[in-house]
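Here is an informal walk through one structure, taken a piece at a time. Have the 3D view open while you read.

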Amino acid sequence: MKDLNQVIESLRGPMTETLARWIKIPSVKADPLPGAPFGAEVRRALDAALEDAAAMGFEVRNFDGYAGDVRMGPLGVDPIAILAHLDVVPVGDGWQQDPFGAEIIDGKMYGRGTSDDKGPAVAALYAMYALKLAELPLNREVRLILGCDEESGWGCMDYYAAHCDMPKVGFSPDANFPVINTEKGMLGVRLTGAYAADGLKVKEIKVGERGNVIPGLASATLCGDEVLCAEANAAAEKLQLDVKAEMENGLVKLVSTGIPGHAAFPEPARNAIGQMLLVLRELGVTGALRTLADCVGMEYDGKSLQIKCQDEVSGALTCNMGILRYNEQDGLFATLDIRYPILADHKALAASLTAAVAPVVTATITRQTDPHHVAPNSKLVTALMSAYADVTGDTQSQPMAIGGGTYAKVLEEGVAFGSLFPEEEELAHQAGEYINLNSLLNNLAIFVKAIQNLQN
Ligand SMILES: [Zn+2]
């Protein structure tokens, strides 16, 4: 047996080189092609990863371009799954580096997918390689499952589960350390209503593209003159909201500036739609917009929707209005993204909010996902927590609850585990995404320990 720490340290260079090659493949979802259900580049990323794994001497399988896996140890024996993904979200604006350049500056590699989720995937692969090189015995199979559609529809995991046996236990390094053992449930809601015939005449509102994004900017056009424009500015001032009105092409244009964010983490954000609704109410808006101002406004706890609740294990319910469209032809359309605590009853929540907005606004549930929880004293959570504490020395951090959903949910007993450390900044899906290469090596070391701790 070789010294494990020496083996790990020796993998720093090769792992960095492998990650750079993976980052240079722009694996953003695209139109399907034969053998490439999520586009040619995603397929190329999967092929590259499986070729690398095969060259290390592992058993690899490609599930028709949907997903792949890398296996070691006694195959079929009580497998431990590590779930990661190779697809990335589109680049977006604001990059100062080449988003597919894998440039290294001050010990950090920059690029789309470095932290979400190719970095963690590479670290998991090299953790397996370290165990192999150190010739450490395994009495359970270790299986790295590489998905290709995590950022959109999870079609990869559906396909994988349908074509082979899904392990029962495992972890997904696609969030934060130490362990996320609780993921809230999710409700997607569509709100519709008629165009108001009386009161303030709102010509058009068109805000937001995605329900899970807290909009940082919202605008509306109102039929009116300079008097209304002045009233709107006075209303915003009175309510102390960052909303400005000015005349544009004979209409009053309202612009609301908030702080953008993710629906699952509303605390640091400020919803620009909510601010605008409150100003519109002050100006005398009626009908469906008035109902939304009264029932949602700037609240993210669901209080006026009569769904405010929390529990000790998973925290408080959150509610976000991510999209709002309104005009004379189509009436009102809006969405709510609700993350509910594990002990809440989603049917009761749906009934309460539907009653709260009725009869002016109609609420329809468009999506529901169950919450997910693994006991903090389970073998899985304790094994992972101790691997994390061993490598980092951090014995204070506790298992956490989040509002988001990771691949961990596809396992009967699965948790998110890494890869971002508590003190690190979250740049997934943003410009300038990077991974600290020391953190990457720590990920590898933690995964090695975790796999060892999970042996029978
Ligand atoms: Zn991810």
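Just past the end of helix H3, Gly57 takes a positive phi of about 100°. Keep in mind that this is a predicted model.

H3 itself covers residues 40-55, which makes 16 residues. From its first C-alpha to its last, H3 reaches 22 Å, close to the 22 Å expected at 1.5 Å a residue. Which residues of H3 are buried? They are Val42, Arg43, Ala45, Leu46, Ala49, Asp52 and Ala53. An α-helix has 3.6 residues a turn, so residues three or four places apart point the same way. What do the buried residues of H3 pack against? Their partners are two helices, H2 (12-23) and H4 (118-133), plus the strands E1 (59-63), E2 (67-72) and E6 (142-147).

Now for some backbone oddities. Most residues other than glycine have a negative phi, and most peptide bonds are trans. Asp78 has a phi near 40°, a positive value in a residue other than glycine. You'll find Asp78 in the loop between E2 and strand E3 (80-85). Gln306 isn't a glycine either, yet its phi is positive at about 65°; look for Gln306 in the loop between H8 and strand E17 (310-311).

As for peptide bonds, the one from Phe177 to Pro178 is cis, with omega near 0°. Pro178 sits in the loop between strand E8 (175-176) and strand E9 (179-183). Another cis bond joins Ala358 and Pro359, with omega about 0°, and Pro359 lies in the loop between helix H9 (346-357) and E21.

Next, the helix pairs. Two packed helices are described by the angle between their axes and the distance between the axes. Helix H7 (residues 272-282) packs on helix H8 (residues 287-295) at about 120°, with the axes 9 Å apart. H7 and H8 are therefore oblique to each other, and H7 passes H8 in a left-handed crossing. On the H7 side the contact is made by Leu277, Leu278, Leu280 and Arg281, and on the H8 side by Leu289, Arg290, Leu292 and Ala293. That contact divides into six nonpolar residues, no polar ones and two charged ones.

Helix H10 (residues 379-392) and helix H11 (residues 437-453) cross at roughly 140°, their axes coming within 8 Å. That makes H10 oblique to H11. H10 passes H11 in a right-handed crossing. Among the residues making the contact are Ala383, Leu384 and Tyr388 of H10 and Ala445, Ile446 and Lys449 of H11. The contact of H10 with H11 has eight nonpolar, four polar and two charged residues.

Finally, a few individual residues and their surroundings. Ile365 is found in strand E21 (residues 361-369). Leaving aside neighbours within four places in sequence, Ile365 is in contact with Leu187, Val189 and Ala350. Glu151 is in the loop between E6 and helix H5 (155-163). With the same four-place neighbours left aside, Glu151 is in contact with Lys29, Asp87, Val88 and Val89.

How exposed are these residues and the two with positive phi? Here are the counts.

| Residue | Other C-beta atoms within 10 Å | Exposure |
|---|---|---|
| Ile365 | 17 | partly exposed |
| Glu151 | 19 | partly exposed |
| Asp78 | 15 | partly exposed |
| Gln306 | 16 | partly exposed |

Why does Glu151 not count as buried? Burial takes 20 or more other C-beta atoms within 10 Å, and Glu151 has 19, so it counts as partly exposed.

Definitions and conventions
Residues numbered from 1 in each chain as written. Predicted model: local features only at pLDDT ≥ 70, side-chain atom pairs only at ≥ 80, totals over all residues. Axes fitted to C-alpha atoms, helices over the stretch in contact; angles between N-to-C directions. Helix = DSSP H or I, 4+ residues; strand = E, 2+ residues; numbered from the N terminus. Parallel < 35°, antiparallel > 145°, perpendicular 65-115°, else oblique. Left-handed = near helix turned anticlockwise from the far one by under 90°. Contact = placed C-beta atoms within 7 Å. Nonpolar A, V, L, I, M, F, W, Y, C, P; charged D, E, K, R; others polar. Expected span 1.5 Å × (residues − 1). Buried ≥ 20, exposed ≤ 12 C-beta atoms within 10 Å, placed from the backbone.
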